[in-house]
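Got the viewer open? Here is a short tour, one selection at a time.

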Amino acid sequence: MARGLLPWICLRKPIYIQARFSYLHMKYLFFSWLAVFVGSWVVYVEYSSYTELCRGRECKNAICDKYRTGVIDGSACSSLCEKDTLYLGKCLSAKPNNQVYSGSWGDLEGIIKCQMEEVPHYDLVAEMEPRKETASFDKPTKGTSVEKFKEMVLGHLKTKVGDQANLQNLATLVLGVADANKDGQISLSEARSAWALIQLNEFLLAVVLQDREHTPKLLGFCGDLYVVEKVPYAPLYGLSLPWLLELWIPAGLRRSMDQWVTPSWPRKAKISIGLLELVEDVFHGTYGSFLMCDVSAAGFGYTERHDLKVVDARRIVPEAAFQEAMRERRCETDADCVYGADCLTTCDLTKRRCTTEVTRPNLAKACGALKDYLLWGAPSDVREELEKQLYACIALKGATEQMEMEHSLILNNLKTLLWKRISHTKDSK
């Protein structure tokens, strides 16, 4: 009987091995196919995103066509369109309608920003930065005198920043920028470029703060394409990780990882003082107040000397323009009254309109962005007081009777605390 079973067992063994091998083979093929499919999908998504976001060639062609036909002119036009010395390098765009590239202009390294077609959906950015006018370059019209153009600029600036006492000085600054070749006269093509540019919040802020150290210098422009100096270190902090990896990292761990590659604490303190100074510059400044509506690390960087620089100022908007846009916005809840990440007002349910006063001032937003950055690695002798002041700063509210006094007091206390701790070190220089 045992002899009869032996051949049967020997026969079944190869069949079992063959079946197992076939199963492993199918499993391997399945996972290989799945890996190829997922990889191809990722490549397709990345390529589609890149081609949608990175349209620098289109932008350059559109600008140069206008320049060659005499519609626009500017200090960067010849280098961009004739000499090819203004070169668009790496694409840094985050939105299709706002093209951003690193680049070079002769020996200078810069960031090139170019505006594309009208934003197709409802957006407060579109309300504050009308794309139809800037895309067509049809203003001012032929025959417009310099005096008439100055009136146009004054009227626009009054809408943007409010009826300031020194509005004439701001208009003079704009006209000075418009005279690209510095011949003392503004041609029609130069005026069209300047008119397109002053529709943009970021360009207007660059003009307003051109004598301050926290905004990159304007190097040149052509139409509504403009070049600013490159900020060597950006963003302010944070690791750039593949989006697939981002999905698996807990939020707490992610915040800690963002602080791993930051400078030494004294240098972080100096950079933070720069952000506090920027808040001072835009709060009741020479040409009105500006609201910082996205105070995130991505919007700022710093130089070799650890001086803070604004990298993306599109969400730093004139308060007067913001209030006018909010006044016209319909709402059902407070969530309808938000611009950017950080500018929130309340909804007046009786009128179904947004109110105009932001709930948090610029300083509170800045302190919120600096909290983890400054407390990470802070010296033990300053940490407790620093944490106390930062939380008091974050708790600031807008539209209160004592807001301006509290704002000034907390701002000065924070700057004094940081300077006192680093003034004796070489990192403060």
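Contact, on this tour, means heavy atoms within 4.5 Å. Keep in mind that you are looking at a predicted model.

Start by selecting Leu411, which sits in helix α16 (residues 403-422). Its relative accessibility is 3%, so Leu411 counts as buried, the cut-off being under 20%. Now show what surrounds Leu411: setting aside neighbours within four places in sequence, you'll find contacts with Leu276, Glu280 and Leu363. Add Val279 as well: 132 residues separate Val279 and Leu411 along the chain, yet their C-alpha atoms are 9.0 Å apart.

Next stop, helix α7: select residues 167-178. With 1.5 Å a residue, these twelve residues should span 16 Å, and the end C-alpha atoms lie 17 Å apart, which agrees. Colour Leu167, Leu170, Ala171, Val174, Leu175, Val177 and Ala178, the buried residues of α7. Then turn the view to look down the axis of α7: the buried residues fall within an arc of 155°, so they line one face of the helix. What covers them? Bring up α6 (146-161), α8 (188-197), α9 (201-208) and β4 (218-222), which are among the elements covering the buried residues of α7.

Last, go out to the surface and pick Trp376, in the loop between α14 (362-375) and α15 (380-394). Trp376 has 38% relative accessibility and so counts as partly exposed. Add Leu253, Trp260 and Val261 to the selection: with Trp376 they form a nonpolar surface patch, and the accessible area of the four together is about 430 Å².

Definitions and conventions: Residues numbered from 1 in each chain as written. Predicted model: local features only at pLDDT ≥ 70, side-chain atom pairs only at ≥ 80, totals over all residues. Heavy atoms only, no water. Helix = DSSP H or I, 4+ residues; strand = E, 2+ residues; numbered from the N terminus. Expected span 1.5 Å × (residues − 1). Buried < 20%, exposed > 50% of the residue type's maximum accessible area, 1.4 Å probe, protein only. Arc of directions from axis to C-beta. Patch = residues over 30% accessible without salt bridge, like charges linked within 9 Å, V, L, I, M, F, W, Y side chains within 5 Å. Areas by Shrake-Rupley, 256 points an atom, 1.4 Å probe, with all protein chains shown as cover. Salt bridge = Lys/Arg side-chain N within 4 Å of Asp/Glu carboxyl O.
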